[in-house]
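User: Please take a close look at one part of this model and then place that part within the rest of the chain. I would like a single connected account, with the terms defined as you use them.

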Amino acid sequence: MTRIPKHIGIIPDGNRRWAQGKGFAKEDGYAHGISPGLELYHICRDLGVDELTFYGFTVDNTKRPSRQRLAFSSACVKAVEALSHEDASLLVLGNTKSAMFPMELLPYTERHTFGTGAVKINFLVNYSFEWDLGFHKGAMGPAMRSSDVSRVDLIIRWGGRRRLSGFLPVQSVYSDMYVIDDYWPDFTARHVYDAIDWYSKQDITLGG
């Protein structure tokens with residue numbers, strides 16, 4: 001790997017499909033996504049990645065059945081609390097004025113440094129690009145709420161789907177996207193190494 005991305009976006013998709021394939025209820029898949037997130041963090045920290053953004057859940061995801069919503073909200077809370085015990089500069093971004101935002105995560109909506117703060121981590125919870133950009137009745141607000149998040153170099157999406165699903169539209173404008181067909185709970189370290197190896201071979205021009 002000749003070039004390590006400074007900022008990697010993570011779209012951990014496929015939890016429900018993984019659960020169904022194992023004969024579980026759809027909501028049972030989310031709890032199996034916490035451990036992969038911590039393993040990915042450790043890999044990226046050791047590789048020298050500066051910043052990670054995890055896609056927790058979107059405002060649209062909250063339209064799912066209540067059992068699924070409670071399950072993915074709980075998984076996000078546990079993931080953020082686990083990351084707070086690592087060397088991380090941690091920030092949770094999302095619409096806190098909605099009843100769908102987990103109250104346990106309110107203390108993390110201002111950036112805090114834990115340990116050495118080796119990796120800047122952003123966790124999107126109850127997030128939508130409309131909220132981020134302050135859209136109201138078709139007009140954009142005066143300030144982008146994710147302004148503390150840098151441009152994303154590489155987005156890795158699990159689950160085989162080839163779309164951003166509203167992930168940080170401004171910061172992702174020049175991102176390279178690597179799609180993994182395996183579901184997020186089937187995460188392996190090789191996924192990350194292969195993605196970064198692929199990224200290091202891309203011709204990065206940023207439009208120039």
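**A loop residue and its surroundings**

Analyst: F101 lies in the loop between β3 (88–93) and β4 (112–114), where strands are DSSP runs of E with at least two residues and helices are runs of H or I with at least four, both numbered from the N terminus. The model is predicted, so that local features need pLDDT of at least 70 and side-chain atom pairs count only at pLDDT 80 or more, while totals for chains, interfaces and linings use all residues. Residues are numbered from 1 along each chain as its sequence is written, and side-chain values use heavy atoms, with hydrogens and water left out.

Although F101 belongs to a loop, F101 is buried, with a relative accessible area of 2% (buried means under 20%, exposed over 50% and partly exposed in between, for a 1.4 Å probe and protein chains only). Leaving aside residues up to four places away in sequence, F101 touches V92, G94, N95, T96, L106, T109, V125 and N126, a contact being a pair of heavy atoms within 4.5 Å. The C-alpha atoms of F101 and Y127 are separated by 9.2 Å, with the two positions 26 residues apart along the chain.

One of these partners deserves a closer look. N126 is found in strand β5 and counts as buried at 1% relative accessibility; its phi is positive, about 55°, although N126 is not a glycine. S165 also has a positive phi of about 55° without being a glycine, but S165 sits in the loop between β6 and β7 (176–180) and, at 35% relative accessibility, counts as partly exposed.

S165 leads on to Y55, a residue of strand β2. Y55 is buried, with a relative accessible area of 6%, and, again without residues up to four places away in sequence, its partners are I10, I11, P12, L124, Y127, L164, S165, G166 and F167. Y55 and A195 stand 140 residues apart in sequence and 17 Å apart in space, C-alpha to C-alpha.

Two helices have buried residues that pack against both β2 and β5. In α2, the buried residues are I34, P36, G37, L40, Y41, I43 and C44, and they pack against β1 (7–11), β2 (51–58), α3 (66–83), β5 (119–127), β6 (154–158) and α5 (189–200). An α-helix has 3.6 residues a turn, so residues three or four places apart point the same way. The 14 residues of α2 (residues 34–47) should span 20 Å at 1.5 Å a residue, and the end C-alpha atoms are 20 Å apart, which agrees; the expected span is 1.5 Å times one less than the number of residues. Just after α2, G48 takes a positive phi of about 95°.

α3, with 18 residues, reaches 26 Å from its first C-alpha to its last, close to the 26 Å expected at 1.5 Å a residue. Its buried residues are Q68, F72, S73, A75, C76, V77, A79, V80, A82 and L83, and they pack against α1 (15–21), α2, β2, β3 and β5. Among these elements is β3, the strand at one end of the loop that holds F101.

In contrast to F101, which is buried, the loop residue D181 is exposed, with a relative accessible area of 54%. D181 is found between β7 and α5 and touches G159, G160 and R162, not counting residues up to four places away in sequence. D181 and D13 are 168 residues apart along the chain, yet their C-alpha atoms are separated by 9.7 Å.

As for the chain as a whole, its 5 helices and 7 strands run β-α-α-β-α-β-β-β-α-β-β-α from the N terminus on. Buried residues make up 47% of its 208 residues, and residues 24 or more positions apart account for 69% of the contacts with a separation of 6 or more. The radius of gyration, taken over C-alpha atoms, is 16 Å, which agrees with the value near 17 Å for a compact globule of 208 residues, the globule rule being 2.2 Å times the number of residues to the power 0.38. Along the principal axes, the C-alpha atoms fill a box of roughly 45 × 45 × 35 Å.
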